[in-house]
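Colleague: I would like a close look at one pocket and what surrounds it. Please start with the residues that line it, then work outward.

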Amino acid sequence: MAQIAPRVRFVVMATPMPTPRQPTDIDAVLHRAAEAERAGFDVVSVADWAVSDPFPLLTLLAQRTERVDLITRVVANATRSPLLLASAAVWIDTVSNGRFILGLGASIPNIVQGRHGFPFDRPATRMIDSLTIIRALMGDDLPGVTRNADGTVRYSGKAIQVERAAIDLPPRRTPIVIAAAGPRMLEIAGMLADGIILEMTTPGFVRWALEQVRRGAARVGRPLERFEVVSQPSILFEPTTPERQRRWEGAMNFYINHCVYPEFDRLWDVSGLGDEARAVREAALAGDRARAEQLMVETIYPHLVVTGGQPDTLAAFWQWLDSHLDAGVTMVGLPLELEETIGVPLDTVKARVAGRSTAPAAS
């Protein structure tokens, strides 16, 4: 079984966001994962980007890598049944010899309804039911779950009911982490998951999120000695080249969308950026994209995004890393091109993290 949070680990995304004009290049993804393993990354992540099924690709990655853990970041929970999620997770975990972590998220209506055509209703309740059924199919004994005489699982939840659920491989307790931003989903993680994935984080938000996780764990009397907290900085340069332009535009779209979607209001408020996010939303909904981008760069990016040119970028990165590790982050997402981006290789970052316990961090 993949180890949960024994130390700070570093994860790289293997799959760039595909578009109809630039679909996924399977060979390029496999090459990127192999490069990440050689570079010393601990985990390789695969996204579904709301347009794909990551599990076939993960099967290939499990066979083409030897050391790195593999994680979905993240699968939209409402687009797949708990049985299929459990089956896929156990398959990948088996093929990879215990190197898989299932990352799930409730997602948003635009993805669940708009792209997949499924209803988006009671996401927190559905997550509880899904996690309970998945865990039962992985071998856990949980309240409300009945094992039938033939070994199948029966569960009657508020959103999902199953009568004779089973998977075709022997149960394996594969770790599960969930993307969460609101208090209810964070509490659910404390009750039933092995970790959380946090986006757009400030140290204050990480600490607040872990308070909600502990509250959920306490509700069910569950210890949290080992719990993964995944986050990453956005490292951006001014868009002076086509590649930098692509990354800049992608990040800008990501952050503006998260200001527009009301599901993330609590995240912005807890981070102390609620008024700033609402100003971006107002400009975006009014059709003033230039104003929305200006507000984003001036009022939100300084708190969330590592920007500038070397050595300013490196100093900002060290500050982000130290403050987030102090807050409780255990897995840090970084670009494969780290040395080209901030001027130091992954080995230097790892050495700094290893030395944090014996010496103060230098700026």
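Modeller: I128, T132, R135, D140, L142, P143, R173, M191, L192, V220 and R222 form the lining of the second largest pocket. Keep in mind that this is a predicted model. The space in this pocket comes to about 250 Å³. By type, its lining splits into 6 nonpolar, 1 polar and 4 charged residues. Two elements, helix 5 and helix 6 (183–192), each give two or more residues to that lining. Helix 5 provides the largest share, 3 residues.

Follow helix 5 inward. It spans residues 123–137 and also gives the largest share of the largest nonpolar core, 8 residues. That core has 109 residues in total. L104, I178, I196 and W268 have the most contacts inside it. Take L104 as an example. Leaving out residues up to four places away in sequence, L104 touches V74, V75, N77, L85, M127, L131, I134, I176, V177, I178 and A179. There is also a second, separate core of 8 residues, with V43, I71, V177 and V230 among them.

One contact of L104, V74, has an unusual link to mention. The peptide bond joining R73 and V74 is cis, with omega about -5 degrees. V74 sits in the loop between strand 3 (69–72) and strand 4 (75–76).

Now the start of helix 5. R122 is in the loop between helix 4 (109–112) and helix 5. R122 is not a glycine, yet its phi is positive, about 45 degrees. Its relative accessibility is 43%, so R122 counts as partly exposed.

The structure also has a closed space. It holds 1 cavity of 30 Å³ or more. The largest cavity contains about 50 Å³ of space. Its lining is made up of N77, A78, A106, P119, F120, D121, P123 and R126. Those residues divide into 5 nonpolar, 1 polar and 2 charged. N77 is on this list and is also touched by L104.

Back to the pocket, and on to the helix that comes before V220 and R222. Helix 7 covers residues 203–219, 17 in number. From first C-alpha to last it reaches 25 Å, close to the 24 Å expected at 1.5 Å a residue. Which residues of helix 7 are buried? They are F205, V206, W208, A209, L210, Q212, V213, G216 and A217. An α-helix has 3.6 residues a turn, so residues three or four places apart point the same way. What covers the buried residues of helix 7 includes helix 6, strand 10 (195–197), strand 11 (228–231), helix 9 (265–270) and helix 12 (312–327). Helix 6 thus appears twice here: it covers buried residues of helix 7, and it gives residues to the pocket lining.

Both flanks of helix 7 carry a positive phi. After the helix comes G221, with phi near 65 degrees. Before it, M200 lies in the loop between strand 10 and helix 7. M200 is a residue other than glycine, and its phi is near 55 degrees. Is M200 buried or exposed? Its relative accessibility is 4%, under the 20% cut-off, so M200 counts as buried. R122 also has a positive phi, but R122 is partly exposed.

Key: Residues numbered from 1 in each chain as written. Predicted model: local features only at pLDDT ≥ 70, side-chain atom pairs only at ≥ 80, totals over all residues. Heavy atoms only, no water. 1 Å grid on protein atoms, 1.4 Å probe; cavity = no way out; pocket = protein on both sides within 12 Å on 5 of 7 lines; lining within 4 Å. Points joined across faces, edges and corners; volume = space filled by probe spheres on them. Nonpolar A, V, L, I, M, F, W, Y, C, P; charged D, E, K, R; others polar. Core = buried A, V, L, I, M, F, W, Y, C linked by side-chain atoms within 4.5 Å. Buried < 20%, exposed > 50% of the residue type's maximum accessible area, 1.4 Å probe, protein only. Helix = DSSP H or I, 4+ residues; strand = E, 2+ residues; numbered from the N terminus. Contact = heavy atoms within 4.5 Å. Expected span 1.5 Å × (residues − 1).
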